[in-house]
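Biologist: Please choose one part of this model and take me through it closely, with the cut-offs behind each term as you go. I would rather have one connected account than a list.

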Amino acid sequence: MKVTEYTRLLVFDQGNTLVKLGLFVDDILVDHKQYESSANEDLSKYIEELRVHYPDCQFFGISSGDSNALPEIFKEGCATREQIKGPLEVSYKTPKTLGMDRLAMASSANLEYGGDVLVVTMGTCITYNIVKKSSFLGGAISPGWAMRYRAMHEFTAGLPLATFDESSALLGVDTHGSLRAGVDIAVQVEVEGMIERYCHQYDIKCVVLCGGDAKRLSKPLKKYIFAPANYELHALKRIHDYFETTGQL
């Protein structure tokens with residue numbers, strides 16, 4: 001039975017810390033949820049209720065975490081690497097270790113914007129992903145915002161656990177301020193510097209920033225494209241639609 005016979009699609013993105021869900025009716029995102037990756041009972045309950053109300057609902061998504069922890073219906077709907085890459089070729093030297101989330105964001109951005117693109121995802125990790133001439137080349141991975149704060153707290157004896165603050169300054173005049181300068185300001189400098197180097201070296205004009213922490217950079221990096229909230233869900237829907245249109249689903 002072809003997917004085109006259904007109007008309801010649940011996309012899911014299982015990451016290292018969260019499982020994100022998005023229910024689409026036709027092209028409209030009508031509901032979205034997120035659960036801790038370990039909250040299997042809550043997730044299963046949501047799926048049971050969904051199937052009662054929408055027995056014809058289809059499932060499509062990716063797993064970048066422990067796929068064994070997913071409900072069975074999700075395992076059946078997990079996209080293959082070939083599906084997630086969409087129209088892209090993959091020039092990555094170790095494609096089997098390439099995160100499905102990185103590939104999905106790059107594939108979706110290529111479908112949406114066309115041509116060469118740099119996708120920066122601000123999540124648990126910060127990833128930089130380059131698409132050039134319809135080929136995924138690679139990029140970089142660095143610690144995300146929360147990971148940096150936790151690392152300084154957990155790997156030292158005396159540093160407290162600080163958090164992001166919009167008023168962080170370059171000069172920290174106390175310990176919390178110094179930690180924030182070393183994360184909040186340093187992340188801005190890192191991301192802007194990496195974008196400029198990638199764009200210059202690979203002649204890329206289109207830069208898309210997405211992920212839960214991307215909005216923290218919207219003021220200092222406003223000249224780039226900031227993807228809307230829940231972009232990863234729309235990205236999966238876009239990839240699903242590509243395969244539906246090409247008759248490969």
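Modeller: Helices here are DSSP runs of H or I with at least four residues, strands are runs of E with at least two, and both are numbered from the N terminus. The model is a predicted one, in which local features need pLDDT of at least 70 and side-chain atom pairs count only at pLDDT 80 or more, while totals for chains, interfaces and linings use all residues. Residues are numbered from 1 along each chain as its sequence is written, and side-chain values rest on heavy atoms, with hydrogens and water left out.

The part I have chosen is the sheet that carries helix 6. Six strands make up this open sheet, in the order 5-8-7-6-9-10 and with mixed pairing, where two strands pair if DSSP finds at least two bridges between them. Strand 5 (89–90) and strand 10 (225–226) are the edge strands, each pairing on one side only. Further in, strand 7 (residues 125–132) and strand 8 (residues 135–143) run antiparallel to one another and are joined over eight bridges; Thr 127, for instance, has Ile 141 of strand 8 as its bridge partner.

Two helices pack on this sheet, contact meaning heavy atoms within 4.5 Å. Helix 5 (residues 145–154) touches strand 6 (117–122), strand 7 and strand 8, and its direction makes about 35 degrees with that of strand 8. Helix 6 touches strand 6, strand 7, strand 8 and strand 9 (207–210), with its direction at about 15 degrees to that of strand 7. For these angles, axes are lines fitted to C-alpha atoms, for helices over the stretch in contact, and the angles run from 0 to 180 degrees between N-to-C directions.

The aromatic rings add detail to this picture. Six aromatic pairs occur in the structure, counted among rings of Phe, Tyr and Trp (its six-membered ring) whose centres lie within 6.5 Å; planes under 30 degrees apart are called stacked, over 60 edge-to-face, and the rest tilted. One of them lies elsewhere and serves as a reference: the rings of Tyr 35 and Tyr 46 have centres 6.2 Å apart and planes at 55 degrees, so that pair is tilted. It links distant parts of the chain, with Tyr 35 in strand 3 (residues 28–36) and Tyr 46 in helix 1 (residues 40–53), eleven residues apart. Tyr 198 and Tyr 202 form a tilted pair as well, at 6.3 Å centre to centre and 40 degrees between the planes. Both of these tyrosines lie in helix 6 (residues 175–202), four residues apart, about one turn of the helix. An α-helix has 3.6 residues a turn, so residues three or four places apart point the same way.

Their surroundings can be described by relative accessible area, for which buried means under 20%, exposed over 50% and partly exposed in between (1.4 Å probe, protein chains only). Tyr 198 is buried at 13%, whereas Tyr 202 is partly exposed at 30%. Tyr 128 joins Tyr 198 and Tyr 202 in one aromatic cluster.

Finally, at Trp 145, Arg 216 lies over the face of the ring, 5.0 Å from its centre; a charge sits over a ring if NZ of Lys or CZ of Arg is within 6 Å of the ring centre and within 35 degrees of the ring normal.
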